[in-house]
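Trainee: I am new to this structure and would be grateful for a guided discussion. May I put my questions one at a time?

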Amino acid sequence: MIASKIVDISAAAGLRGATGGWDYDLSAVYGSNRLDYTIENTVNTSLGGVASARSFDSGGLRSGQTSINLDMRRDLDIGIGKSVSFAFGGEYRNENYKIVAGELQSYVNGPFSAAPFNAAGGAQVFPGFRPANETDVSRDSFAGYAELDADLTDQLTLQLAGRYEHFSDFGDTINGKAAARFEVIDGIALRASVSTGFRAPSLAQQSFAATSTNNVGGVLIEIGTFPVSSPVAIALGAQPLKPEKSVNLGAGVTFTPFNGLSITADYYNIEISDRITLTENLQGTDVLALLTTAGVTGVSSARFFINGIDTKTTGLDVVASYRLPDFGLGQFRVSVGYNLNNTKITDRRVFSGFTAQRLFARQESYRLTDGQPKNKLNVGLDWDYDNFGITLRTNRYGEVFLPSGFSTSANNNNIALAPGEVPGDIFLSPKWVTDLEFRFKPVESVSVAFGANNLLDTYPDRLPFGTVNGVSYGFNNSFLPYSSQSPFGFSGRFLYGRVSIDF
């Protein structure tokens, strides 16, 4: 059993005010995460049942971030339009990432790893991080931005913004945004925007390492995930990770036909280039040949992060909100939202003779594009009367596709095969999930609430196990019956109570 322990720490301080005609906001935020893996009720079989411990410290991960931000804003009187405001600011950010090795027995290959036993080394279920996996990396970044907002007329608003950022490990980037809103007639407005984006590879994507050692024919062979800068990854054609870049387009309409009713509809188009993915486990004679040529021995299988694909996401968001007229029973507000989206892979990288199929195969491809609902509907009702209130919300999550891991000579995990064309493909059916909350204020400064998330105790479809229609699913699904890709989890109803005090 993996008994992980997580400790999160966060602290923030800030100062907000005005000086010399400028509004300012200065803030400093620190956050850290510590994740330790303790493996319980297991053994390192390569050590033998007597010598092996039953609980292991398998090491852990550490991450931290410090950011300092300054934002300045003021109105400008330059004789253009009804109102113009200008803002600028800057940010400093420091990031750190560590991997901490576990205790010796959590990863070591004991005497029973040799033939004829060939027992796997390390703690079963989760072999510990080894000293060779340890890392401690940091980086800094500096950013500055400027933004101009102008109400040129009663009907037309424009916004222009730009941001410059420098990373200590990736250099410079410049991104921008332009947006406009035009009220055609009273109650109907059009809006549109275009922007570019940038995401630097995380320190974990650059530096994560988790390896284990198997005994193959009396030879210790290393397999696992390697940093992109490791000799193993470089021998197989890895290149330094590049930042992901995006172009975002959006257009929409807002409609207020009468007092209390608001309707918005927005279309979006997001294209991401050089998206970072984790390769499949690369193995085989060609892999061994590349490693041997580069002078790397004792490794039979490897995977690492690459700038593997380009993607395009399009979608539509429609939101309607209606505030009922006051008829003496408090305030009622009804809201309805609908999202429709589609993601597809538009390009795939190949290198070192590895096909796109071997680098990012069918399972991972469809988990990215179809592993979440392509549509979602939510309906909500809020009621407030004096010191009492009720919120009722229900969400309908659309179908989710779980690609099969059942590979045959006919399909070979072929990325060209559509959902449903491979034995073992699973579709999770749409589900409704309802939440309810009651709240009241016994006194002015105290609020009390209690409610239920997933009020009707809805669960996703159970996964098949054993052999079904000629497909062997194994027996893990008999005691782990739900997919982790369920969009609303699989924990059922959650009851809660909350007390808030205002000072």
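Trainee: With which residue does R163 form a salt bridge, and how far apart are the closest N and O atoms?

Mentor: This is a predicted model, and the distances discussed here are computed from it. A salt bridge requires a side-chain nitrogen of Lys or Arg within 4 Å of a carboxyl oxygen of Asp or Glu. R163 meets that requirement with E165, the closest N and O atoms being 3.3 Å apart.

Trainee: Is E165 buried or exposed?

Mentor: Buried means under 20% relative accessible area. R163, at 32% relative accessibility, counts as partly exposed. Its partner E165 has a relative accessible area of 9%, so E165 is buried.

Trainee: Which residues are joined with R163 and E165 into one network of salt bridges?

Mentor: A search of the whole structure finds 29 salt bridges. Some of these share partners, and in this way R163 and E165 belong to one network. The other residues joined in that network are E91, R93, E95, R139 and D169.

Trainee: How many residues apart in sequence are the parts that D286 and R358 tie together?

Mentor: The side chains of D286 and R358 meet in a salt bridge of 2.5 Å, N to O. D286 lies in helix 3, whereas R358 lies in helix 4, residues 356-359. D286 is partly exposed at 31% relative accessibility, and R358 is partly exposed at 25%. Because the two residues lie in these separate helices, the pair ties together parts whose separation in sequence is 72 residues.

Trainee: Which strands hold D384 and R439?

Mentor: D384 forms a salt bridge with R439, and the closest N and O atoms are 3.5 Å apart. D384 is partly exposed, with a relative accessible area of 34%, and R439 is partly exposed, with 22%. The pair ties together parts that are 55 residues apart in sequence, since D384 lies in strand 17 (residues 375-385) and R439 in strand 21 (residues 431-443).

Trainee: Which helix gives the most to the largest nonpolar core?

Mentor: The largest nonpolar core has 21 residues, and those with the most contacts inside it include V232, L236 and F304. Two or more residues come from each of helix 2 (231-235), helix 3 (285-293), strand 14 (299-303) and strand 15 (305-323). With three residues, the element that gives the most is helix 2.

Trainee: Which residues of another core, apart from this one, can be named?

Mentor: L236 of the largest core touches L282, L291, F304 and F354, among others. Apart from that core lies another, of eleven residues. Among its residues are L35, Y37, F56 and L61.

Trainee: In which sense do strand 1 and strand 2 pair?

Mentor: Strand 1 (residues 2-19) and strand 2 (residues 22-40) are joined over 18 bridges, and one bridge partner pair is I2 with I39. The two strands form a hairpin with two residues between them, and G20 in the turn has a positive phi of about 60 degrees. The sense of their pairing is antiparallel.

Trainee: How many bridges join strand 2 to strand 3?

Mentor: Strand 3 covers residues 55-76 and runs antiparallel to strand 2. One bridge partner pair is D23 with R73, the latter in strand 3. The number of bridges joining strand 2 to strand 3 is 17.

Trainee: Is A18 buried or exposed?

Mentor: A18 lies in strand 1 and touches D23 and Y24, not counting residues up to four places away in sequence. Exposed means over 50% relative accessible area. A18 has a relative accessible area of 59%, so A18 is exposed.

Definitions and conventions. Residues numbered from 1 in each chain as written. Predicted model: local features only at pLDDT ≥ 70, side-chain atom pairs only at ≥ 80, totals over all residues. Heavy atoms only, no water. Core = buried A, V, L, I, M, F, W, Y, C linked by side-chain atoms within 4.5 Å. Buried < 20%, exposed > 50% of the residue type's maximum accessible area, 1.4 Å probe, protein only. Helix = DSSP H or I, 4+ residues; strand = E, 2+ residues; numbered from the N terminus. Contact = heavy atoms within 4.5 Å. Pairing = 2+ DSSP bridges.
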